[in-house]
Amino acid sequence: KILSLVFLIVLGLGLQAQLAPVRWESLISLNATKKVVVADSRTYYLSQSGIFYLNHSDNELVSLTKADGLSELEFSTMAYNASTNKLVVAYANSNIDIITSDNKVVQLSDIKRKNINGDKTIYSISCNGAFCYLSCGFGIVVVDLQRMEVSDTYIIGDEGNYLPVYDIAFSNDGFIYAATKQGIRYAPLEGVNLLDYSNWSLVTAIGLDQYSFDFISFGAGRIW
C-alpha cells in the first residue's frame with residue numbers, strides 16, 4: 001500500500017509538471033469545445049471559457065483569455081488564415097480579434113460599432129489569400145489580414161437589402177459562393193464590383209433558390 005501511494009504521488013507530480021502551463025479547470029473546459037482549427041505549428045480549440053492551443057513541437061497546452069488580451073468572453077466562431085499565420089476570432093457581440101503567431105491581439109470593432117437595424121451576428125469565417133470573409137446577418141464583411149482592417153462590405157440582397165449570409169466558399173475558377181437565407185448567391189472574385197448587389201447571381205438550378213442554406217463548401221471540383 002505504501003509503495004502504491006508513493007507511485008501515485010510521483011505520477012501526480014509528473015503529470016502536474018507536464019501540464020503546468022494550463023490550470024486543471026482549463027483542461028476540464030476542453031470538454032465544451034465549440035470549434036477546432038489546425039494551424040502550421042498549433043492546433044486551436046475554441047471553448048466556452050476561452051481559447052486554447054496545443055503546440056505541435058512540444059505538446060504544450062496554452063490558454064488565451066481576457067488576461068492575455070482577448071476582447072470578450074462570449075465566443076461565436078474562429079478561423080485560421082494560413083497565408084498570414086493569424087487566427088481570427090469572432091464574438092457574440094460582433095467584435096473581432098486578430099491573433100498573431102506571437103499572441104499579439106488586435107481588436108476590430110467595426111461591425112460591433114456599425115449602426116445596423118438588424119442582425120449583426122457573425123455566423124462563420126472563411127479565408128481566401130490574405131483576406132478573411134465574415135458571413136454576417138446583414139451581408140459579407142471582408143477583412144484584410146495584412147493591414148488588419150476591414151476592406152469591404154458586400155450587401156447582396158435583392159435591391160441592395162440586407163440578407164443573412166451563413167457561410168462562404170471559394171471555387172478554383174475564381175468565384176465566391178455565399179450560403180444565404182434566400183438560396184446560394186455567387187459572383188466572380190475579380191473583374192466586377194462586388195459592392196454592387198446586381199453583380200451577384202442566384203443559383204436557380206433544381207429549385208435551390210427556394211431554400212435557406214447555412215453551410216457551403218468547395219471540394220472535388222464542385223460546390224457542396
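What percentage of the 224 residues of the protein count as buried? The share is 42% of the 224 residues. The model is a predicted one. The protein holds 3 helices and 18 strands. Contacts between residues at least 6 apart in sequence include 41% that join residues at least 24 apart.

**The sheet β1 to β4**

- An open sheet is built from 4 strands in the order β1-β2-β3-β4, and their pairing is antiparallel.
- The edge positions belong to β1 (35–38) and β4, each of which has a single partner strand, so one side of each is left without a neighbour in the sheet.
- On average, neighbouring strands of this sheet are turned by 20° against each other, with direction ignored.
- Strand β2 (residues 42–46) pairs with β3 in the antiparallel sense, and 5 bridges join the two.
- Within this pairing, Tyr45 has Phe52 in β3 as its bridge partner.
- Strand β3 (residues 51–55) also pairs with β4, again in the antiparallel sense, over 4 bridges.
- Leu54 has Leu61, a residue of β4, as its bridge partner.
- A hairpin is formed by β3 and β4, with 5 residues between the two strands.
- In the turn of this hairpin, Asn59 has a positive phi of about 60°.
- As a general point, side chains in a regular strand alternate between the two faces of the sheet.

**Leu70 and its surroundings**

- Leu70 is found in the loop between β4 (61–64) and β5 (75–81).
- Is Leu70 buried or exposed? Leu70 counts as buried because its relative accessibility is 4%, and the cut-off for buried is under 20%.
- Leaving aside neighbours within four places in sequence, Leu70 is in contact with Ile51, Leu64, Thr65, Phe75, Tyr91, Asp97, Ile99 and Val105.
- One of these contacts, Ile51, is 19 residues from Leu70 along the chain, and the C-alpha atoms of the two are separated by 9.2 Å.
- Ile51 belongs to strand β3 (residues 51–55), so the cut-off of heavy atoms within 4.5 Å for a contact is met between the loop residue Leu70 and a residue of that strand.

**The sheet β9 to β12**

- A further open sheet has 4 strands in the order β9-β10-β11-β12, and the pairing is antiparallel.
- Which strands stand at the edges of this sheet? They are β9 (122–128) and β12 (149–154), and each has a single partner strand, so one side of each is left without a neighbour in the sheet.
- From one strand to the next, the twist averages 25°.
- Strands β10 (residues 131–136) and β11 (residues 140–144) run antiparallel and are joined by 5 bridges.
- Phe131 stands opposite Asp144, which is in β11.

**The largest pocket**

- The volume of the largest pocket is about 200 Å³.
- Its lining is made of 13 residues, and those nearest the centre of the pocket are Ser126, Asp167, Ile168, Ile216 and Ser217.
- Two elements, β9 and β13 (165–170), give two or more residues to the lining of the largest pocket.
- Which element gives the largest share of this lining? Strand β13 does, with 5 residues.
- By residue class, the lining of the largest pocket has 8 nonpolar, 3 polar and 2 charged residues.
- Strand β9 thus appears in two places, at an edge of its sheet and in the lining of the largest pocket.

Notes. Residues are numbered from 1 along each chain as its sequence is written. This is a predicted model: local features need pLDDT of at least 70, side-chain atom pairs count only at pLDDT 80 or more; totals for chains, interfaces and linings use all residues. Side-chain values use heavy atoms; hydrogens and water are left out. Two strands pair if DSSP finds at least two bridges between them. Axes are lines fitted to C-alpha atoms, for helices over the stretch in contact, and angles run from 0 to 180 degrees between N-to-C directions. Buried means under 20% relative accessible area, exposed over 50%, partly exposed in between (1.4 Å probe, protein chains only). On a 1 Å grid over the protein atoms alone, a cavity is a set of points where a 1.4 Å probe fits but cannot get out, and a pocket is an open set with protein on both sides within 12 Å along at least five of seven lines; lining residues have an atom within 4 Å of a point. Grid points are joined across faces, edges and corners, and a volume is the space filled by probe spheres set on the points. Ala, Val, Leu, Ile, Met, Phe, Trp, Tyr, Cys and Pro count as nonpolar, Asp, Glu, Lys and Arg as charged, and the others, Gly among them, as polar.
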